[in-house]
Amino acid sequence: METKKTRKFFTIFEYEKEETYLQEMHKDGWKLVKVTGLCQYHFEKCQPEDIIYQLDYNQEGIAHKEEYVKLFNDCGWEYIQDYMGYSYFRKPASETAATESIFCDQNSKNQMLERIYKGKILPLIAIFACLIIPQLVYSLIQQNSILILIFTILTLVYVFITLTLARQYRKLKKE
C-alpha cells in the first residue's frame, strides 16, 4: 500500500482548517491513518472520496474512551485516533447532512472551545508566570544585559502568541 507523510502545523484553535486539510487530502486520494510526533500526518493511498473529518477536544471523553467512541460510532462517525488532546473522526459526506457536525449546536462547540482554552492556554500562562517572569526579574536585578534581552524577547513572543490565541478564541466563540 502506498503511503505519504506530510508535516503541517495548525494552532490550537485552527481545528476547522485542519479538518478542511484532511478532507481535501482524502478528496485527492489520501486517507488519514494517524498523526504523530510534531504534526506529522500519515496517509494511505485510497479512492478519492468526499469524507468529512471532525475533531473534538474533550479530555473527559478520552478518560472514558469506550463510551465516548461508541457515542460517535452510533452516529456514524469513524474514530481514527487521539492526538494532543484532540480526537479525530471521519464520515462519508454522502452519509451526512450538509451542515452535520459532531457538535449538535453552537453551545456544544463553545464548550469545546472552553475545554481547549482551559486545557491548552491556561497551562501556558502558568508556565510563563512560574518560569519566564522570575528569570526576567532576576536578570534585571543582576543587570545582565544579555539575559535581559533574551527574557524580554521571550516575554514579547509569549505575549504575542497568547494575544493571537485569545483573539482566535474570541472570534470562534462569536461565530
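Biologist: What length does helix H1 reach from its first C-alpha to its last?

Modeller: In this predicted model, H1 covers residues 15–27 and has 13 residues. At 1.5 Å a residue, a span of 18 Å is expected, and the helix comes close to that value. From first C-alpha to last, H1 reaches 18 Å.

Biologist: Which residues of H1 are buried?

Modeller: Buried here means under 20% relative accessible area. An α-helix has 3.6 residues a turn, so residues three or four places apart point the same way. The buried residues of H1 are Tyr15, Glu18, Glu19, Tyr21, Leu22, Gln23, Met25 and His26.

Biologist: What is the strand order of the open sheet of 3 strands?

Modeller: The pairing in this sheet is antiparallel. Strands E1 (3–7) and E2 (30–36) each have a single partner strand, so both stand at the edges, with one side left without a neighbour in the sheet. The twist averages 25 degrees from one strand to the next. The order is E1-E3-E2.

Biologist: Which strands does H1 touch where it packs on the sheet?

Modeller: The direction of H1 makes about 25 degrees with that of E3. In its packing on the sheet, the helix touches E1, E2 and E3.

Biologist: Which residue in E3 is the bridge partner of threonine 6?

Modeller: E1 pairs with E3 (residues 40–45) in the antiparallel sense, over 5 bridges. Within E3, the partner of threonine 6 is tyrosine 41.

Biologist: What percentage of the chain's residues are buried?

Modeller: The chain holds 5 helices and 6 strands. Of its 175 residues, the buried ones make up 39%.

Methods. Residues numbered from 1 in each chain as written. Predicted model: local features only at pLDDT ≥ 70, side-chain atom pairs only at ≥ 80, totals over all residues. Heavy atoms only, no water. Pairing = 2+ DSSP bridges. Helix = DSSP H or I, 4+ residues; strand = E, 2+ residues; numbered from the N terminus. Axes fitted to C-alpha atoms, helices over the stretch in contact; angles between N-to-C directions. Contact = heavy atoms within 4.5 Å. Expected span 1.5 Å × (residues − 1). Buried < 20%, exposed > 50% of the residue type's maximum accessible area, 1.4 Å probe, protein only.
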